[in-house]
Amino acid sequence: MSTHLTDLLEGDPTVQKVLLIEADVSAGEDILTAAAELGVEAHVATHEDVFRSYRPELKAKISGTVFTDFADPQTALDDLARFCRETGIDGIVACWEFLSPLATRLADRLGLPGHRPELADACRNKRLMAEVFAAHGVPAPRTVVAQDPGELARRVAESGLGFPLVVKPAENAASIGVSVVRSAAELPEAARLAQSQTHKTSHGLALDITLLAQEHVDGDEFSVESVIFDGEIHHLTITEKLTTGGTSRAELGHTVPADTAPAVGAALYAAATAAIRALGLRNGVAHTEVKVSGGGAPKVIEVGARPPGDHIMRLVREALGIDEARACLQTVLGRRPDVAPRRRAAAAIRFITAPGAGVLRWTSALPCGDHVIATAMSKMPGDEVGGPYDNMGRIGQIMLRGATAAEVNKVAAEAMEAITVEMVTQW
Ligand SMILES: Nc1ncnc2c1ncn2[C@@H]1O[C@H](COP(=O)(O)OP(=O)(O)O)[C@@H](O)[C@H]1O
Ligand SMILES: [Mg+2]
């Protein structure tokens, strides 16, 4: 473990301090900005090598850092607990979802506001999460688990789960290793894909690659964005999600708030409440992904015990005037979060993807105009890009605003229609 010199300098004892567990994720900058606006000092736990590639704008918002090796969870917990005690940290924010169990354990060890530690792993590991949901009657897809492709085929056959079904690894994210399987013949390839990533590259975390086969919930997809304070759940809004069809399920966009019928909205909130309670979430934010089948019955796909990614917090702020990042900090610091909406508008993000994996040749100019909040390209001509198979295949994004969800969805569709992506063709 090492600390920056700034960490050792005496600070103002009346200023509260938070520790972000890995800030180099899309929610990290929003949390850091909210901390500055709240007058809270922000410290970050990361690895020295990862910190080297932090963008300067991000570094500028950080008061201190603690370096550790997250691949060794026990030592990381000890390192961070020592740092927090020495620095006088008042609250812990899990920014990177892979480390939400560590954040929960750390808060527990320090006696700071957080979630129930005995359920920390169930908030990340989909195998444990499925067990908790089944035990508490949370509406969720039926799930069987297996360690290898042979066992998977047997368990699927025994369970009577029909096709299509979804195969995924117990611990990954961004739709990596997730496939929709339409027949028993496709199971081995889906299992191979689900088990192909054994470690998370940036921190070398070992992943549980137990296989899950789940009932495929055919219907619209949403997420419920919630703030939990002392076990009291405040649902902020519902996000509508767009994904690819076919075999993979890359997320293509989000719209806040979703334009749902009141009964569907109430059912989504009830499902999220059940899931959040079952997982023992007490102080922090939650991002609950839910699919609603044609019949209107919601099924919880997963809960993230962390701020939503993909700039959803910016969409919430733009659409409703609720600062979820600020509310997140307030609750982990033991303060009542400010969750009152201040306006009723809508905002959306759409991700630009290449038609398939390959080398990018050219992308047309991104649209601008009154509805466009921001645009960004993450890949340049000549770059290798993945296709629209998981969220790593994105090449750019566009964020938009409108008076209503219907309006922002329409302008988003028009904007996406106007963008051309060309790939290098090979002979
Ligand atoms: N049981 C299911 N039924 C239908 N779609 C699913 C199911 N499980 C996952 N998906 C789709 O795959 C996406 C990624 O799966 P998810 O379990 O959320 O894993 P990740 O951690 O990669 O986000 C979901 O957002 C959803 O679109
Ligand atoms: Mg998900």
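User: What makes eight residues of the shell around ligand 1 charged?
Analyst: Asp, Glu, Lys and Arg count as charged. By that rule the shell has eight charged residues, beside eight nonpolar and five polar ones. This is a predicted model in which local features need pLDDT of at least 70 and side-chain atom pairs pLDDT 80 or more, while totals for chains, interfaces and linings use all residues. Residues are numbered from 1 along each chain as its sequence is written, chains are lettered from A and ligands numbered from 1 in the order in which they are written, and side-chain values use heavy atoms, without hydrogens and water.

User: Why is Glu289 called buried?
Analyst: Buried means under 20% relative accessible area, exposed over 50% and partly exposed in between (1.4 Å probe, protein chains only). Glu289 has 9%, so the residue is buried. Glu302, with 12%, is therefore buried too.

User: What makes Glu289 and Glu302 donors of the magnesium ion (ligand 2)?
Analyst: Donors are N, O and S atoms within 2.8 Å of the metal (3.2 Å for Na, K and Ca); water is not among the atoms, so sites may look incomplete. The OE donors of Glu289 and Glu302 lie 1.9 to 2.1 Å from the ion. Glu289 is in strand S15 and Glu302 in strand S16, so the pair ties together parts 13 residues apart in sequence. Strands are DSSP runs of E, at least two residues, numbered from the N terminus.

How values were computed: Helices (H or I, at least four residues) and strands (E, at least two) are DSSP runs, numbered from the N terminus.
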